[in-house]
Amino acid sequence: MSESLQVQLKKGVLEMCVLALLSGGDNYAYEIASKMAEAVGMGEGTVYPLMRRMQNDGLVTTYLMESPSGPPRKYYKLTKSGASALKSQIGDWKAFEASVRKILGEVA
Amino acid sequence: MTRNEFMTRLRQGLVGLDPDYIRDVMNDYETHFEDGEKSGRSEQEIAAALGDPGRLARELRAEAGFQRWENARTPGNLVGAMLALMGLATVDVIFLFPFLCAMFGIFVGFSVACLVLVVVGFALLIGALFPGLAWFGLTGGVEVLAIGLAGVGLVALGVGLGALFSLVVNFVVKALVQYARLHFRLINTVTQES
């Protein structure tokens, strides 16, 4: 059952993780996908629909930048509203994490 | 699966969507393969990590439907979003399917009911305004006034209920879209891990 708990936990935080990743600097989809797959086991293919939706929601924007090898590359960049969404989600996450830890502390 | 097989199956799954949208999506995944190969992975490895292209296409298709509705909340786009939900529900979020069918039934039924109220109301109103046309033999002025007011009342009722109902439907579909999005990604993660 631990797998199901893990999946449940990941469920809500994918968007927050992508936002956090981009707050460290603009990035392109392949890098975002590899990092998300490595960090939280997200299916690499699913990153693209997620990025598309976040773009539609105004959390990220894209721009093209020349790449040393091959055609120009599409970079994702955090918008102002993306940055404030990240801030409020981190706040929610911390509050949630603290209250779970408090309960777990009483058990352990 | 090879890169070509993956791209072909993805394209097949996207048939019928906006050509610009399809091109963007195909570009995204082509670039993903190129980047993956540059970092030394095989086509098969990359395709396996991307997941089932048919399922990805269903998610992209649903996402396109949701986004159209979010950008312009028209009745047509609402039906599109509901159909997109149905598409996901039939294969990937199966337990939503009966619920969606029931909701779709209620949606159609209620829309028809509101429409009938408005139409009947208008018919009564026209009957009252132009007594010459009256097919139900109106005579007295009081009768005409009563029928006319009843017509106005029915029209108002139909419009009011319709507006209220569309608020409820908007809310429910919004919640379902949110749920389907989370759940879809959830399922994908499970498939990846197992």
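Two strands are taken to pair if DSSP finds at least two bridges between them. On that footing, this predicted model has an open sheet in chain A, built from three strands in the order β1-β3-β2 with antiparallel pairing. The edge positions go to β1 (27-28) and β2 (60-65) of chain A; each has a single partner strand, so one side of each is left without a neighbour in the sheet. Looking at one of these pairings, β1(A) meets strand β3 (residues 73-78) of chain A in the antiparallel sense, over two bridges. Here A:N27 sits opposite A:Y76 of β3(A). The sheet also carries a helix: α2 (residues 14-23) of chain A packs on it and touches β1, β2 and β3 of chain A. The direction of α2(A) makes about 100° with that of β3(A).

Turning to chain B, the domain assignment splits the chain into domain 1 (1-50) and domain 2 (55-193). Where the two domains of chain B touch, six residues come from domain 1 and six residues from domain 2. On the domain 1 side, the elements that put in two or more residues are α1 (3-14) and α2 (19-38) of chain B, and α1(B) gives the most, with three residues. That side of domain 1 of chain B is made up of five nonpolar residues and one polar residue, with no charged residues.

These two helices also pack on each other. The axes of α1(B) and α2(B) lie 11 Å apart, at an angle of about 160°. With angles over 145 degrees counted as roughly antiparallel, α1(B) and α2(B) therefore fall into that class. Their crossing is right-handed. From α1(B), the contact draws on B:R3, B:M7, B:L10, B:R11 and B:L14, while α2(B) supplies B:I22, B:V25, B:M26, B:Y29, B:E30 and B:F33. Sorted by class, the residues of this contact between α1(B) and α2(B) are eight nonpolar and three charged, with no polar ones.

A further helix pair links the two chains. Helix α4 (residues 47-56) of chain A and helix α4 (residues 53-71) of chain B have axes that come within 10 Å and cross at roughly 10°. Since angles under 35 degrees count as roughly parallel, α4(A) and α4(B) are therefore roughly parallel to each other. Chain A brings A:P49, A:R52, A:R53 and A:N56 of α4(A) to this contact, and chain B brings B:E59, B:L60, B:E63 and B:Q67 of α4(B). By class, the contact of α4(A) with α4(B) comes to two nonpolar, two polar and four charged residues.

Definitions and conventions:
Residues are numbered from 1 along each chain as its sequence is written. Chains are lettered from A and ligands numbered from 1 in the order in which they are written. This is a predicted model: local features need pLDDT of at least 70, side-chain atom pairs count only at pLDDT 80 or more; totals for chains, interfaces and linings use all residues. Helices (H or I, at least four residues) and strands (E, at least two) are DSSP runs, numbered from the N terminus. Two residues are in contact if their C-beta atoms, placed from the backbone, lie within 7 Å. Axes are lines fitted to C-alpha atoms, for helices over the stretch in contact, and angles run from 0 to 180 degrees between N-to-C directions. Domain bounds come from an automatic or database domain assignment. Ala, Val, Leu, Ile, Met, Phe, Trp, Tyr, Cys and Pro count as nonpolar, Asp, Glu, Lys and Arg as charged, and the others, Gly among them, as polar. Angles under 35 degrees count as roughly parallel, over 145 as roughly antiparallel, 65 to 115 as roughly perpendicular and the rest as oblique. A crossing is left-handed if the near helix is turned anticlockwise from the far one by less than a right angle, and right-handed if clockwise.
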